Structures are given as C-alpha cells and as structure tokens.
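Hi,

Here is the structure I said I would pass on. Have a look at it first, and then read my notes below.

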Amino acid sequence: MGNLFKIAIRNLLRYKRRTLLTASLITVGVVFVLVFISISGSFKNMMIGQITDSMLGHLQVHRKGYVASIDNLPLNLNLKAGAIARLENILDKQPEIEAYSPRIKFGGMFSNFVETTNIRLVAVYPDREFRTVPLLPLRITSGGKTLNRGEILLPDLLAKGMKVKLGDAVVVVVTNQDGSVNGKQFKVAGIVEGITGPGGRDGYIHIEDAAEVLRMEQMEISEIAIRLKDFNRLNSFSQKLEGLLSKELNQQDKPIFELHTWEKLSPFFNIARMIDVMTFFIKLMLIAIVLISIMNVMIMAVYERIREIGTIAAIGTLPGKILNMFVIEGFCLGVVGAAIGNIVGIAVILIINMMKITFNFGQQKGLLLQANIYPMDILVISVTVIIVSVIASLQPAFKASRMEPIKALRHV
Amino acid sequence: MSLIIAENIQKDYKTGEVTVKALKGLSFEIAPASFVSFVGPSGSGKTTLLNLIGCLDKPSDGKLNVADTNVLHLDRKQSALFRGSNIGFIFQDFNLLPVLTVYENIEYPLLMVQSTPASERKKRVTALLEAVGMIDQKDKYPDQISGGQKQRVAVARALVTNPKLVLADEPTANLDHKTAYMVIDLMKKMRDEFKTTFIFSTHDQKIVGEVEIIYMLEDGELKGTEVKGGKRNG
C-alpha cells in the first residue's frame with residue numbers, strides 16, 4: 001500500500017500546476033465552509049445565548065395548556081400553591097439545574113399620570129431571576145441592577161415613548177382573575193434594554209407586588225424558568241424532567257405540568273434551523289466543488305497515462321491495483337486540500353476574531369462576532385472532502401482498471 | 001517439451017462491416033531458451049501474434065498453449081496473473097514509468113505484481129542492474145537517461161521476475177546502430193544466463209541477423225521458417 005501511495009504522490013507532483021490548482025480549489029472550498037460555519041454558528045449560539053440567558057431560560061414549566069394560550073397571558077392557567085410546591089420539590093432534587101425562577105406574567109395598563117398605554121409585566125424574585133437569566137442585569141441600561149418591592153424596571157421603548165425617567169412614579173392597573181381591577185403605584189428603578197424575541201419588551205416587578213396587585217390569596221405563578229449547568233445536556237435533561245413531570249397528575253389523572261425547551265418557545269429557533277439548512281447547502285456546494293474538480297483532474301490523469309496503464313497492465317498489474325493507484329491519487333488530493341483548507345480556515349477564523357467585528361441584531365447594538373469552530377466540524381468536513389475525493393476518483397480509476405492493455409498500448 | 005504450441009490460430013478484427021483476417025491459421029512450436037524472431041512487412045500480423053502469445057489478446061480460433069497453459073480460457077485477472085508470472089515485455093518505446101527511478105522501474109514487477117520480499121527484490125534488481133550495466137544510473141529517472149539506457153532498463157524489468165518468455169516488439173526500432181547491437185547482445189547474454197526464451201517481432205535486420213529461428217509472416221500467414229545454420233522449412 002505504501003508503494004501505491006508513493007506512486008500516487010509522484011504522479012500528482014508530476015503535474016504540479018494542475019495538482020496545485022485542484023488542491024487550491026478544494027482548499028478554498030474548505031476555508032469558505034469553515035468560516036461560514038464558524039460565523040453562522042457563532043451568530044446562532046450568541047443569539048441562543050442572548051435569548052435563553054436574558055429572558056427565556058433554558059427550559060420552562062407551565063401548567064398544562066398554558067403555552068397554547070401564552071399570548072393571552074391567562075391568569076386562570078396559573079400554577080397554584082400545591083402544584084408549585086410539588087414542582088419545586090422535583091426541581092430541587094435535580095443536580096443538573098443551576099437555578100430556577102418562578103414568574104407571574106400578566107398584562108395591564110401603564111400610566112405616567114398623563115398618558116396611558118399597555119404593558120406586559122413579568123413578576124419575579126429578583127435574585128432567583130438574575131441567577132436563572134444572568135444576562136438580564138446587563139440589560140438594565142440605567143438604574144441599579146436590583147429590583148425591590150414597589151419598584152418597576154421599564155422596557156426602554158416604553159420609557160422613551162411615555163417620557164418616563166428613573167425615579168418617576170408610575171401606575172400599573174391590572175385586571176385580576178375575578179375580573180376586578182386593581183392598581184398600584186411603582187417607582188421606576190431601571191430601564192431595560194429591549195431585545196428580539198418573546199418577552200423582550202416586558203417590564204419587571206417584584207413577584208410579591210404582583211401577588212398584591214392581582215389580589216392573590218395564595219401565591220400563584222405562570223411559569224418556572226430553569227437554567228441548566230450545562231446547556232449541551234438540554235435534550236437529555238429535558239427528557240428526564242419530562243418523565244418526572246408526567247407522573248404528576250391532577251384529580252382527573254391528567255398531567256399537571258407541561259415542559260418546553262427554549263426551542264419550542266422562541267421563533268428564533270426557526271432562524272437557527274434556517275442557519276443549519278444554509279450550512280448544509282454550503283457543505284453541498286463544497287461537495288460539488290470537490291467532486292467536479294477531483295473527477296476532472298482524474299479523468300485527465302487517466303487520459304494522459306493510457307499507455308502507462310497499458311504497460312503496467314501488460315506487465316501483470318491486477319486491475320484492482322490499477323484502480324487503487326488512481327483512487328489513492330484522488331484520496332491524496334482530498335487529504336492535501338482538506339489539510340491546507342483546515343489550516344487556512346482556522347487562521348482566517350483567528351484573524352476574524354482578532355479584528356473584533358461587531359454587528360447589530362434587532363435592538364441589540366455592538367454584538368461582538370466571536371467565530372468558533374469545533375473539532376467535530378473540522379473532522380466532519382475533512383472526512384467529507386476525503387470521502388468525496390475517493391468517490392470522484394472511482395469512475396476514472398475504474399475506467400483505467402478496465403482498460404484493455406492492448407488498446408492502451410496502441411494509444412498515441 | 002515446447003514452451004509455445006500454436007495450432008491453427010486465427011485472429012479476425014471487425015472494422016465496421018468488414019472483417020479483417022489478421023492471422024490465418026498459424027501453427028508453430030517454440031522450444032524453451034530459444035532466440036526467435038517473427039519478421040515480415042507492416043500489416044503481416046507480427047504484433048498481433050505477439051499480443052496473442054503475450055495473453056494481451058485472444059485468438060478468434062485455434063489452440064494456443066504457453067508454458068503449459070491453454071491461454072484461451074484465461075479470464076482478465078488470470079491473464080494478468082499469468083503474464084506477471086511467465087512473461088516479460090520489452091516495448092519499442094521502452095514504456096518505462098516516468099515517476100519511478102531506474103531501480104524502481106526494474107523493481108516494479110516484483111513489488112506490484114509478484115509481492116516479492118524486500119531482501120529478494122534488492123538482490124534480484126541489483127543483479128540485473130549490474131548485468132545491464134546500469135548500476136551507477138539506478139537513481140536516475142527515465143527522462144535523465146538515453147534511449148539505449150532506457151531499453152537496457154526495459155530488458156532488466158522484463159527479466160526481473162525470471163519469466164519463461166520475453167516478448168519484444170521492435171525493441172531496437174528507436175535505437176541507433178551501436179546501441180541496438182548492445183541491447184541485442186545483452187538479451188542474448190540474458191538468454192544464456194537465465195535460459196529465457198526471447199521472441200521478437202521485427203523487421204530490423206540487426207535482430208534478424210542475430211536470432212536463431214526466424215518465422216516469416218506475410219498477410220497473416222506463415223510463409224517460412226529459417227533456422228540459422230542453413231536449415232530451412234516451409
């Protein structure tokens with residue numbers, strides 16, 4: 001086998017310019033794919049991070065049926081005290097959970113005593129919420145990174161539109177479950193930067209203020225947001241928790257809870273899927289580049305070496321060995337293209353990171369592009385290129401191996 | 001016991017609607033360690049006959065035994081194995097592999113065809129390099145040596161597997177007078193040393209003058225056999 005490699009490499013070096021061009025083409029393809037994957041992957045991961053770490057959390061547990069009506073923020077589908085206790089009992093035993101945060105979500109009217117508008121509010125225990133969505137404090141662009149009772153964090157667009165500043169008194173009026181209306185005065189303690197996605201324009205108040213204004217006799221919550229220690233274990237943990245929650249039944253023997261990962265709750269998941277689809281098509285383009293360039297060069301190689309093929313066949317070289325000889329040439333081209341492509345691709349990614357490129361996403365400005373490439377991506381791309389190179393060489397190699405020596409020797 | 005037994009072999013080629021009879025029922029026998037030439041004008045069937053003997057092609061009819069093997073029934077792979085074990089080829093254009101050195105070209109059949117162990121390969125290749133006087137050129141590539149040297153390398157490559165038979169199609173056609181005789185002498189020496197049968201297809205008088213048996217072909221028919229020393233058949 002070593003000798004076949006030696007002959008293959010020497011044959012490649014025999015046509016240096018052509019080999020260089022083909023290898024360069026593969027290299028360019030690999031570089032493009034690596035850079036695209038790293039940038040799109042980084043964009044995707046960053047956006048997922050933004051969405052999960054600043055509002056959604058990794059998972060959310062609701063009362064069964066809540067998510068179907070989530071846009072209405074239905075108070076009648078809140079989890080009652082008993083269910084909350086059962087749920088917290090389960091969550092407290094899960095070592096995979098970093099933190100979880102109970103929330104009441106509701107809509108109401110917001111007034112600065114001059115004008116009135118709608119507002120969506122999330123009522124939280126601030127310390128638990130900040131541990132569950134650790135980027136939330138960073139979204140508080142003015143004011144303290146805290147939220148005490150009697151205070152409200154307002155979304156920036158609302159604050160701007162209603163001309164409300166820090167320290168101003170505002171009123172929130174809500175309709176509770178019974179249909180009665182209640183209001184409470186709050187002090188503006190901070191302005192929260194709006195972000196793209198569900199809950200990105202919500203205001204925040206303390207959960208006990210919400211219970212008071214909603215006239216709850218016992219604590220009720222709309223959801224519990226959960227943050228995991230390891231995001232990569234989301235799917236396995238989700239399955240585990242789903243299993244545990246499915247055992248919690250109400251008096252009608254129906255499940256009490258429903259569990260959703262961020263993917264089911266955020267429309268950004270579809271964008272993430274689109275990025276994956278685009279990446280797939282870019283990989284397909286790479287495959288086409290490799291397939292066509294290697295096939296072209298190998299067809300040329302076979303055509304140019306017909307007499308040599310005839311000679312080695314006449315000497316007694318078995319067809320299988322002749323086939324291997326050409327397949328190995330294609331394999332070597334693929335390996336060289338993939339290797340150089342990986343080196344150049346990684347260098348380009350490093351340069352992109354050193355340039356500290358920033359971009360905007362919706363209301364978020366100056367997000368730093370941090371291109372990352374994972375060893376598994378490099379491995380998959382390299383293996384794909386090499387396999388495609390071998391496949392592309394097969395047809396010309398097969399043709400060479402099936403050549404009649406007598407005809408090949410006559411070839412001029 | 002003859003090395004080659006041909007009985008009434010025929011070879012037809014189809015060119016469109018026309019069937020060309022390249023060989024018209026040839027019969028002959030060639031003994032081991034012979035130095036034989038098929039001579040005749042262009043189109044007489046010399047190369048076709050050599051291709052049949054070399055298992056590169058199959059007769060349309062007749063019987064052909066080479067080294068005790070009925071070569072008519074060999075399939076593609078068996079033919080390759082048979083050639084690798086029993087037959088060496090010397091081509092008019094030398095047909096050395098340009099990416100291999102002189103040493104590697106000679107070594108090629110041992111390495112890629114017969115899978116001979118490294119120590120044995122080295123012994124045989126070195127012995128042949130010395131025999132053909134190319135030991136000091138062993139690391140050169142074919143494009144770095146002369147035509148005569150290339151043909152000496154081709155002779156060594158043909159002999160390295162210790163074949164029973166070497167087929168040489170116009171081996172001196174691309175060589176000058178002096179080099180041609182040098183190559184012929186070399187082949188004779190090899191025949192004497194290794195008892196290999198050499199069969200030439202040629203109309204080069206230099207070879208014709210040196211061989212021991214001459215088969216004369218014309219229009220695909222054997223017109224006569226000349227055995228040097230005054231014997232004449234046919």
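**Notes on chains A and B**

A:Phe113 sits in the loop between β2 (97–111) and β3 (116–124) of chain A. Before I go on, please keep in mind that this is a predicted model. I picked out A:Phe113 because its phi is positive, about 75 degrees, although the residue is not a glycine. Is A:Phe113 buried or exposed? It is exposed, because just 10 other C-beta atoms lie within 10 Å and the cut-off for exposed is 12 or fewer.

A:Lys356 is another residue other than glycine with a positive phi, in this case near 50 degrees. You can find A:Lys356 in the loop between α12 and β11 (358–361) of chain A. A:Lys356 has 9 C-beta neighbours inside 10 Å, so it counts as exposed.

**Domains and a helix pair in chain A**

For chain A, the domain assignment gives domain 1, made of 2–51 + 270–410, and domain 2, made of 65–255. Taken over C-alpha atoms, the centres of domain 1 and domain 2 of chain A are separated by 50 Å.

Next, a helix pair. Helix α1 (residues 2–14) of chain A packs with helix α12 (residues 319–354) of chain A at an angle of about 65 degrees, and their axes are 9 Å apart. The crossing of α1(A) and α12(A) is right-handed. On the α1(A) side, the contact is made by A:Leu4, A:Phe5, A:Ile7, A:Ala8, A:Ile9, A:Asn11 and A:Leu12. On the α12(A) side, the residues are A:Asn324, A:Met325, A:Ile328, A:Glu329, A:Cys332 and A:Leu333. What kinds of residue make up the contact of α1(A) with α12(A)? They divide into 10 nonpolar, two polar and one charged.

**Two buried residues in chain A**

A:Phe186 is found in strand β7 (residues 181–192) of chain A. A:Phe186 is buried, since 23 other C-beta atoms lie within 10 Å and the cut-off for buried is 20 or more. If you leave aside neighbours within four places in sequence, A:Phe186 is in contact with A:Gly150, A:Glu151, A:Ile152, A:Val170, A:Val172 and A:Ile205. A:Val61 is 125 residues from A:Phe186 in sequence, and the two are 29 Å apart in space, C-alpha to C-alpha.

A:Ile256 is in the loop between α8 (234–246) and β10 (257–261) of chain A. A:Ile256 has 21 C-beta neighbours inside 10 Å, so it counts as buried. Again leaving aside neighbours within four places in sequence, the contacts of A:Ile256 are A:Arg63, A:Lys64, A:Ala83, A:Glu248, A:Leu249 and A:Asn250. A:Ile256 and A:Arg128 are 128 residues apart along the chain, with 23 Å between their C-alpha atoms.

**Where chain A meets chain B**

How many residues does the contact take from each chain? It takes 18 residues from chain A and 17 residues from chain B. On the side of chain A that touches chain B, α1, α11 (306–315), α12 and α14 (405–410) each supply at least two residues. The largest share of that side, six residues, comes from α11(A). The residues on the side of chain A that touches chain B divide into eight nonpolar, five polar and five charged.

**Chain B**

Chain B has an open sheet of four strands in the order β2-β1-β4-β5, with antiparallel pairing. In this sheet, β2 (18–30) and β5 (69–70) of chain B are at the edges with a single partner strand each, so one side of each has no neighbour in the sheet.

Strand β1 (residues 4–15) of chain B pairs with β2(B) in the antiparallel sense over 10 bridges. To follow the pairing on your screen, look for B:Ile5 opposite B:Glu29 in β2(B), and B:Lys14 opposite B:Thr19 in β2(B). β1(B) and β2(B) form a hairpin with two residues between them, and B:Gly16 in the turn has a positive phi of about 65 degrees.

One last residue: B:Gln205 is found in helix α7 (residues 205–208) of chain B. B:Gln205 is exposed, with 9 other C-beta atoms within 10 Å. B:Gln205 and B:Val39 are 166 residues apart along the chain, while their C-alpha atoms are separated by 9.4 Å.

Best wishes

Technical notes: Residues are numbered from 1 along each chain as its sequence is written. Chains are lettered from A and ligands numbered from 1 in the order in which they are written. This is a predicted model: local features need pLDDT of at least 70, side-chain atom pairs count only at pLDDT 80 or more; totals for chains, interfaces and linings use all residues. Two strands pair if DSSP finds at least two bridges between them. Axes are lines fitted to C-alpha atoms, for helices over the stretch in contact, and angles run from 0 to 180 degrees between N-to-C directions. A crossing is left-handed if the near helix is turned anticlockwise from the far one by less than a right angle, and right-handed if clockwise. Two residues are in contact if their C-beta atoms, placed from the backbone, lie within 7 Å. Ala, Val, Leu, Ile, Met, Phe, Trp, Tyr, Cys and Pro count as nonpolar, Asp, Glu, Lys and Arg as charged, and the others, Gly among them, as polar. Domain bounds come from an automatic or database domain assignment.
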